[in-house]
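Me: I'm new to this one and would like to go through it with you. Can I put up the sequence and structure and ask as I go?

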Amino acid sequence: MSPAASTTAPLTADEEQLLEEYPDIRYIPWKGRKVFLIGTAHVSQRSVDVVEHAITTLKPDVVAVELCAARHRSLTQEQQWQETDIVKVIREKKSMVLLANLLLASFQKRLGAGLGVRPGQEMLAAVEAAEKSGARIVLADREIQLTLKRAWSQATFWDKCRLIPSLLSGLFSQEQMSEDELERLRNKDILSEVMDEFARHYPRIKAALIDERDQYLAKKIDTGGGEIIVAVVGAGHCSGMEKLFYSGEVERVDLHTLEKLPPPSPVVKMVAYGIPLFVICLIAYGFFSASAEVSFEMIKIWVLANGILAALFTALTLAHPLTILTAFFAAPITSLNPMIAAGWVAGLVEAWVRKPKVSDFLSLSDDITTVRGFWRNDITRLLLVVVFANIGSSLGTFIGIPLMARLLG
């Protein structure tokens, strides 16, 4: 029982019957208020039905949903992509965040297509039911871009190396999940196993994607007011949120801290500036200790290793020839400048020569569900250009340095 349970009124007969009928709903007495936590699968028709029935029966004062403002707009305003400034996305260094968001949306949408359910439909159902009943709606989740940025910034270098291929491989996956399998995901033990497995592989990313959001969601419910609250969240958040309430730790959660980006790691800064400095010193050492010819050969290796791999990876996205050429010339220079990346330069050129059309924005939601669509749509291909050019340039750096050093032998 939670520390604040003693002041809460007992359950009514209708409330007890609802809890008995639907094990998806968890009851938490809190500070004289009744919190009904509904754990859902984001592509399950049963979740939609449970949410609608619960709100109709309970007639809550507040309905809190696992949505941020951006995700709420994406569900309620299907044409919002037409307002996206893709050049601004690249300039603000948000390409990887947007691509990751689209890849995750792609997997979820393909999963939902097999079940005839739109991803996030249970959240929409909660919002619509709340509006009908006159309940106040609380968008309780942290902004998706902030969450992805915190996850990325907290990941180790090797986490990032493993995560990018994993995200891209998800694009090729045709995995479908039945309703029975979705129902199994509501089982506490299975969910715990999934979370534990994720924590073992990506413990720092798991903290930002799951643990921090458990805290954020719980705190928004705590501060959201109302005497009867229905909270609709993904089933994976329920156990963590329950612990926060029953232990009273939710009162110590600081939303301001969870909304800040952590400062860059000193090690990351040191590597970002150390590699260019090392390369320049290596070339200078070759000039003074060997000869100008050796120094020139080093420069040639650096240019070719960075340029060829950046151009090759950019070509894999079927980018415009001018973009591929730009990646070749930009990579050797940007690799020596930690403030700019080859992918950003190549992406801006691709946006200039192949400016996304209105049709690209209109078809985006369908195109992200297939590999062919990802490469055909000028928006998603542009994001792939940024990521692939950066990958190629990074590989060129790690290959070029040892080749340059060998000349000194």
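Me: What does the side chain of Asn 306 make a polar contact with?
Reply: The side chain of Asn 306 makes a polar contact with the side chain of Thr 397, at 3.2 Å. A polar contact is a pair of N or O atoms within 3.5 Å; within protein, one must be able to donate a hydrogen and the other to accept it, and residues adjacent in sequence count only if both atoms are side-chain atoms. This is a predicted model, where local features need pLDDT of at least 70 and side-chain atom pairs count only at pLDDT 80 or more, while totals for chains, interfaces and linings use all residues. Residues are numbered from 1 along each chain as its sequence is written, and side-chain values use heavy atoms, leaving out hydrogens and water.

Me: Is Asn 306 buried or exposed?
Reply: Asn 306 is buried, with a relative accessible area of 0% (buried means under 20%, exposed over 50%, partly exposed in between, with a 1.4 Å probe and protein chains only).

Me: And which residue is 26 residues apart from Asn 306 in sequence?
Reply: That is Pro 332, and the two are 5.3 Å apart in space, C-alpha to C-alpha.

Me: Switching to the sheet, what is the strand order?
Reply: The open sheet of five strands runs β1-β2-β5-β3-β4, with mixed pairing; strands are DSSP runs of E, at least two residues, numbered from the N terminus, and two strands pair if DSSP finds at least two bridges between them.

Me: Which strands stand at the edges?
Reply: β1 (25-30) and β4 (136-139) do, each with a single partner strand, so one side of each is left without a neighbour in the sheet.

Key. Helices (H or I, at least four residues) and strands (E, at least two) are DSSP runs, numbered from the N terminus.
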